[in-house]
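Please look through the structure shown below and follow how its charged, nonpolar and cysteine side chains are placed. The briefing that follows is arranged by topic, so that each group of residues can be found in turn.

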Amino acid sequence: MAQVEVFDEEEAREPLFVGEFGFLPRAGECLSIEVDGAFSYYRVTEVWFRHDEEGEAFQPCLRVELED
């Protein structure tokens, strides 16, 4: 499973959350996240890979928007 950083704002320095996905969601797909027994729904708006200079790896990242 891939560990993915999920951001909610374009200028965010810290991820909204970090999750493990069996696949990397694509832009336009929806995610449902359960927190304390309630679901929040997010639409993926952007996918990119951040270069980790210390480990020389690429970290997958998503930008999401909360759906009402």
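Arginine 63 is buried, its relative accessible area being 11%, and its side chain meets that of glutamate 46 in a salt bridge with a distance of 3.0 Å from N to O. Because arginine 63 belongs to strand E5 and glutamate 46 to strand E4, this pair ties together parts that are 17 residues apart in sequence. Glutamate 46, for its part, is partly exposed, with a relative accessible area of 33%. The model is a predicted one, and the points below should be read with that in mind.

**Salt bridges**

- The count of salt bridges in this model comes to four, and the pair of arginine 63 and glutamate 46 is one of the salt bridges found here.
- Arginine 50 forms a salt bridge with glutamate 5, and the closest N and O atoms of this pair are 2.9 Å apart.
- Since arginine 50 lies in strand E4 while glutamate 5 lies in strand E1, which covers residues 2–7, the pair ties together parts that are 45 residues apart in sequence.
- The two partners are not covered alike: arginine 50 counts as partly exposed at 34% relative accessibility, whereas glutamate 5 is buried with a relative accessible area of 14%.
- Arginine 43 forms a salt bridge with glutamate 67, in which the closest N and O atoms are 3.3 Å apart.
- Here arginine 43 is in strand E4 and glutamate 67 is in strand E5, so the pair ties together parts that are 24 residues apart in sequence.
- Arginine 43 is partly exposed, with a relative accessible area of 31%, and glutamate 67 likewise counts as partly exposed, at 30% relative accessibility.

**Surface patches**

- A patch of negative charge on the surface is where Asp52, Glu53, Glu54 and Glu56 gather.
- Within this group, glutamate 53 has its place in the loop between strand E4 (38–52) and strand E5 (57–67), and at 66% relative accessibility it counts as exposed.
- Leu24, Val47, Phe49 and Phe58 make a nonpolar surface patch of about 370 Å².
- Phenylalanine 58, one of the residues of that nonpolar patch, has its place in strand E5 and is exposed, with a relative accessible area of 56%.

**Cysteines**

- How many disulfides does the count come to? The count comes to zero disulfides, a disulfide being a covalent bond between the sulfur atoms of two cysteines.
- Why is cysteine 30 without such a bond? The closest cysteine sulfur, in cysteine 61, is 20 Å from the sulfur of cysteine 30, which is too far for a bond, because a disulfide requires the two sulfur atoms to be within 2.5 Å.
- Seen from the other side, cysteine 61 is in no disulfide either, as the sulfur of cysteine 30, the nearest cysteine sulfur, is 20 Å away.
- Are these cysteines buried or exposed? Cysteine 30 is partly exposed, with a relative accessible area of 48%, which falls short of the exposed class because that class begins over 50%, whereas cysteine 61 counts as buried at 0% relative accessibility.

Key
Residues numbered from 1 in each chain as written. Predicted model: local features only at pLDDT ≥ 70, side-chain atom pairs only at ≥ 80, totals over all residues. Heavy atoms only, no water. Buried < 20%, exposed > 50% of the residue type's maximum accessible area, 1.4 Å probe, protein only. Patch = residues over 30% accessible without salt bridge, like charges linked within 9 Å, V, L, I, M, F, W, Y side chains within 5 Å. Areas by Shrake-Rupley, 256 points an atom, 1.4 Å probe, with all protein chains shown as cover. Lys, Arg positive; Asp, Glu negative; His and termini not counted. Charge placed at Lys NZ, Arg CZ, Asp CG, Glu CD. Helix = DSSP H or I, 4+ residues; strand = E, 2+ residues; numbered from the N terminus.
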